[in-house]
Amino acid sequence: MLTYIQDILSSKQKPASTETSMNMEAILQTYPPLGQATLVQTHSSSLVAILDVPNSQEAGSWEVCAFLSIDGSKWKDIILLPVDDGLVPQTLQSLSESVSRLYFSAPLAFNNCVQFTLKFRYHQNDDWKWIREEQGIDDGWIIRPSTAPESDIFSLIPDLNVNEWTISSCLSQSPGTNVWALEASVPPADGDSSTFKDIRIGNPWESSFLRWFAVVRLSTPWLAPRHGKDSFYLDRDGILCSFLSHQGKNLVFLAISGISHVAPVFQQSMDGSLSVHARNDGISEGKAIILVSEGADFNCAVAAVMYHARTLVTRAAQASQQGDNELAALSNEIQPQWMESWYDGLGFCTWNALGQRLTDQKIFDAMDKLAQKNINVSSLIIDDNWQSLDYRGHSQNQHGWKEFEADAKGFPKGLKHTVSHIREKHPHVQHIAVWHALLGYWGGLAPDGKIAKSYKTIEVTREDVDADYLPIVGKMTVIAKEDLSRFYDDFYKFLSDCGIDAVKTDAQCMMDTWIDASPRRELFTRYLDAWTISMLRHFSAKAISCMSQVPQILFHSQMPTNRPVMVVRNSDDFFPDDPTSHTWHVWANAHNSIFMQYLNVLPDWDMFQTVHEYSSFHAAARCVSGGPIYITDVPGEHDLHLIDQMTGLTPRGKTVIFRPSVIGKTVYPYAGCEDGLLLKVGSFHGSSQTGNPILAVFNVFSKPLTELIPLFIFPGTDPSLEYVVRAHTTGRVSTPIKIGAPDSLIAAALPVRGYEIFCAYPLTNVTGKRHGSTRIANLGLLGKMTGAAAIVSSQINHAENGRVNVDIRVKAFGVLGVYVSSLPSMTIEGDFMATIQGQPIPPDTVTISEADNHVLEIDIGKAWKEMGLKSGWSNDVEIKIYFSS
């Protein structure tokens with residue numbers, strides 16, 4: 001897996017330039033950007049270029065020229081002219097003193113599309129430098145798609161294989177799309193040998209497409225993204241494929257598993273066309289089911305196939321009715337706030353922190369060192385290597401699990417003593433989870449162990465591309481179907497009695513490595529259902545499902561909505577010691593979430609370490625992911641400032657994270673990691689119109705990058721509203737902007753491994769006699785990476801007498817920021833009154849921001865302490881601010 005990451009990054013990314021001439025130091029990009037296709041709704045657009053140059057060359061007569069083809073016409077040059085100072089994009093980051101920034105633009109008019117590239121030069125007597133040669137960036141496309149979806153699937157796939165596929169039109173549940181279902185017969189298994197069948201689909205638009213994107217099975221347990229341009233090639237089996245046409249239409253294919261014994265995946269045929277490779281473990285003929293959708297909006301097209309897949313999965317579950325009544329009863333008992341207490345607190349995991357030879361003393365020491373640094377984690381995950389194992393063979397993949405009690409050598413007083421000691425000494429720890437494999441351990445059960453003797457077992461045969469991952473002689477002992485429910489119930493009763501209230505259930509993919517058809521057919525879904533019910537019964541859905549991105553599991557267990565949301569690992573592991581893995585890790589998670597967002601899960605981007613070369617990079621990604629955050633720091637090695645940016649302390653003393661209410665994902669699905677573009681991860685917190693769009697940008701490339709970011713790509717922005725945008729790393733706030741305005745572009749420049757988090761805040765406009773028109777926005781907690789997600793509620797009221805009341809509730813202490821456009825003409829003493837929990841705030845806790853003089857800052861924690869306040873029935877803080885307009 002690591003070798004693969006290194007190969008893809010080294011082979012596809014362009015090496016850093018070794019030239020030192022002055023022209024090579026310039027960084028150029030545009031909006032609409034080079035290197036990707038941008039869809040627009042009008043017949044015109046401004047092409048805006050940003051050029052960062054060394055200060056020593058600013059005085060030169062820089063020229064930028066677009067070389068373009070409009071609507072397929074002959075290519076021609078268009079000179080971009082310097083932009084007037086009042087219309088330049090906004091810069092919210094600190095610009096190096098050695099760099100000057102120049103802007104150029106040109107208007108473009110077209111009917112359907114524009115293909116363009118750029119060239120530039122320092123002086124009119126110099127030779128032109130082409131952007132493709134200097135920075136390795138491909139052409140950009142501007143496309144105005146037609147909005148009407150295509151109703152004829154044969155116009156989308158002219159060579160659709162009608163000899164194998166039965167085609168039916170389906171009712172789409174997503175606007176602006178059409179949906180079709182393709183079904184093909186797959187013969188039954190022959191005894192214990194599964195049947196495999198390759199079925200060609202065809203070529204989207206006769207292989208004339210602009211870009212493609214896929215979610216593939218990177219390995220047995222994990223998904224990962226793939227990207228390409230005009231040539232389709234999959235190096236791994238796919239479950240979701242999308243193609244972008246030259247007309248701006250998206251054609252999406254989804255392979256459905258988990259509703260029968262047939263599991264299809266996408267491959268490509270010898271001629272490069274899209275094909276299906278299907279496996280049937282059943283005793284009767286089955287159907288491979290592929291859903292197809294088409295639409296102008298990528299998100300709507302993906303939603304169309306995912307929504308219809310959910311309908312099919314629900315129908316199949318209702319038809320089987322297996323465990324439905326108990327599942328429904330257990331699910332109804334679980335309250336949403338119980339789950340929030342599980343994944344909204346900061347967690348600590350022992351895996352990378354303490355190594356594989358785990359002992360109770362190592363855990364005690366780690367918890368003590370966290371407490372010494374005032375890091376009060378809410379959840380503790382005791383990861384692999386606490387169990388009693390037989391240690392047969394040469395690796396953990398061959399070891400078997402012996403008994404429920406913890407390893408006697410590492411935990412001499414037993415698991416219950418370990419948990420009791422932790423809870424007694426660290427009462428802030430609300431939840432303690434333990435790791436276990438779905439089948440017991442990596443090698444299953446110890447054949448002669450206490451567990452194997454207490455329950456009915458069977459022997460199954462595994463396969464793996466790497467023989468080192470196989471159990472001894474390829475066979476493993478597992479619980480038989482008759483005893484699955486009793487086994488999980490007994491184990492989880494033992495854990496509950498020890499004080500454990502959550503589990504991390506790993507290696508679920510092992511079932512997909514079984515060779516024989518009969519155990520796959522008889523045990524796959526039974527294991528999933530028995531585990532789910534026992535987990536709900538004993539731990540109220542407090543679980544992390546890991547190594548479970550297997551098609552059958554994704555559709556059978558993680559798509560249905562008749563159960564509580566479950567935390568599910570979203571990608572391969574965080575590998576602290578592999579430098580090539582870190583940007584890929586964030587990249588893969590951002591793209592996997594395109595698929596995972598439609599499941600009934602909370603994607604988990606995995607643990608990370610706060611003292612690490614990429615620690616801030618990972619922290620920013622976790623904060624915008626919308627999932628849980630847990631660290632795996634080596635004891636005593638902690639970045640307290642970074643932890644403070646991710647967390648806050650509630651009035652009741654709990655450490656919480658600031659998790660956006662919408663799952664974070666990439667906003668540009670067709671841009672590849674080798675394309676020389678910033679990764680943009682969009683999220684959102686709150687309600688429509690009053691909520692906060694969030695956009696994090698990451699440089700996953702091998703060289704510094706500069707781009708122009710339009711306001712409209714922030715998820716959830718409303719064209720009718722005005723916003724201010726704030727950059728986390730500098731605290732700078734934009735002037736009020738609206739979608740489509742000339743100043744609604746934001747410049748973002750990042751070094752290698754750099755990141756930035758931009759948050760947009762909707763403005764409320766009030767008009768008064770004293771200050772005229774005043775725009776106001778609640779900025780949430782400043783200094784937090786996703787401080788907007790600390791906002792519980794926010795109201796701005798303007799009375800007839802001109803009095804403005806800003807009523808805010810936040811979930812933790814910190815510095816509250818409120819944007820007031822007329823603040824530079826006001827004074828804190830003369831114009832403002834503020835209260836916490838109805839009591840006046842000490843004046844020394846209210847200041848004007850040093851980063852922006854339009855921002856009022858209130859240090860809530862300091863005020864709370866000075867006022868001697870205590871938490872009441874509520875675990876949030878109410879702040880009210882009054883001033884006259």
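## A walk through the strands and rings

Let's start with strand S20 (residues 286–295): 9 of its 10 residues are buried, so this strand is largely enclosed by the rest of the structure. Keep in mind as you look around that this is a predicted model.

Who are the partners of S20? Strand S12 (residues 177–186) pairs with S20 in the antiparallel sense, over 10 bridges. You can find one spot along this pairing by looking for alanine 184, which stands opposite alanine 288 in S20. Strand S17 (residues 250–256) also pairs with S20 in the antiparallel sense, here over 7 bridges. In that pairing, phenylalanine 253 stands opposite valine 292 of S20. If you're wondering what does the joining, strands of a sheet pair through backbone hydrogen bonds, and they can do so in a parallel or an antiparallel way.

For a parallel example, hop over to an open sheet of 3 strands, with the order S6-S40-S38 and mixed pairing. Its edge strands are strand S6 (90–91) and strand S38 (705–710), each of which pairs on one side only. S6 and strand S40 (residues 745–750) run in the parallel sense and share 2 bridges. Glutamine 90 has isoleucine 746 in S40 as its bridge partner.

Now for the aromatic rings. The count of aromatic pairs comes to 33. Take tryptophan 62 and tyrosine 122: their ring centres are 5.2 Å apart and their planes sit at 75 degrees, so this pair is edge-to-face. Tryptophan 62 is in the loop between strand S3 (44–54) and strand S4 (63–70), while tyrosine 122 is in the loop between strand S8 (113–121) and strand S9 (129–130), so the pair ties together parts that are 60 residues apart in sequence. Are these two buried or exposed? Tryptophan 62 is buried, with a relative accessible area of 7%, and tyrosine 122 counts as buried at 18%.

A second pair, phenylalanine 832 and phenylalanine 883, has ring centres 5.3 Å apart and planes at 50 degrees, so this one is tilted. Phenylalanine 832 lies in the loop between helix H17 (828–831) and strand S47 (833–836), and phenylalanine 883 lies in strand S51 (residues 877–884), so parts 51 residues apart in sequence get tied together. Both of these phenylalanines, 832 and 883, are buried.

Rings can gather in groups too: one aromatic cluster includes Trp401, Phe404, Tyr455 and Trp514. Elsewhere, a charge joins in, with the charged end of arginine 753 sitting over the ring of tyrosine 614, 5.4 Å from the ring's centre.

Let's finish with two single residues. Aspartate 139 is found in the loop between helix H2 (131–135) and strand S10 (140–143). Aspartate 139 is buried, with a relative accessible area of 12%. What does its side chain hold on to? A polar contact of 2.9 Å joins the side chains of aspartate 139 and glutamine 115. Not counting residues up to four places away in sequence, aspartate 139 also touches others, among them Leu34, Trp75, Arg132 and Arg211.

Glycine 817, in strand S46 (residues 815–820), is buried with a relative accessible area of 0%. Its C-alpha atom is 8.7 Å from that of alanine 777, though the two residues are 40 residues apart along the chain. Leaving aside neighbours within four places in sequence, the contacts of glycine 817 include Ala777, Asn778, Leu779 and Val855.

Conventions: Residues numbered from 1 in each chain as written. Predicted model: local features only at pLDDT ≥ 70, side-chain atom pairs only at ≥ 80, totals over all residues. Heavy atoms only, no water. Phe/Tyr/Trp six-rings, centres within 6.5 Å; stacked < 30°, edge-to-face > 60°. Helix = DSSP H or I, 4+ residues; strand = E, 2+ residues; numbered from the N terminus. Buried < 20%, exposed > 50% of the residue type's maximum accessible area, 1.4 Å probe, protein only. Lys NZ or Arg CZ within 6 Å of the ring centre and 35° of its normal. Pairing = 2+ DSSP bridges. Polar contact = N/O pair within 3.5 Å; in protein donor to acceptor, adjacent residues only side chain to side chain. Contact = heavy atoms within 4.5 Å.
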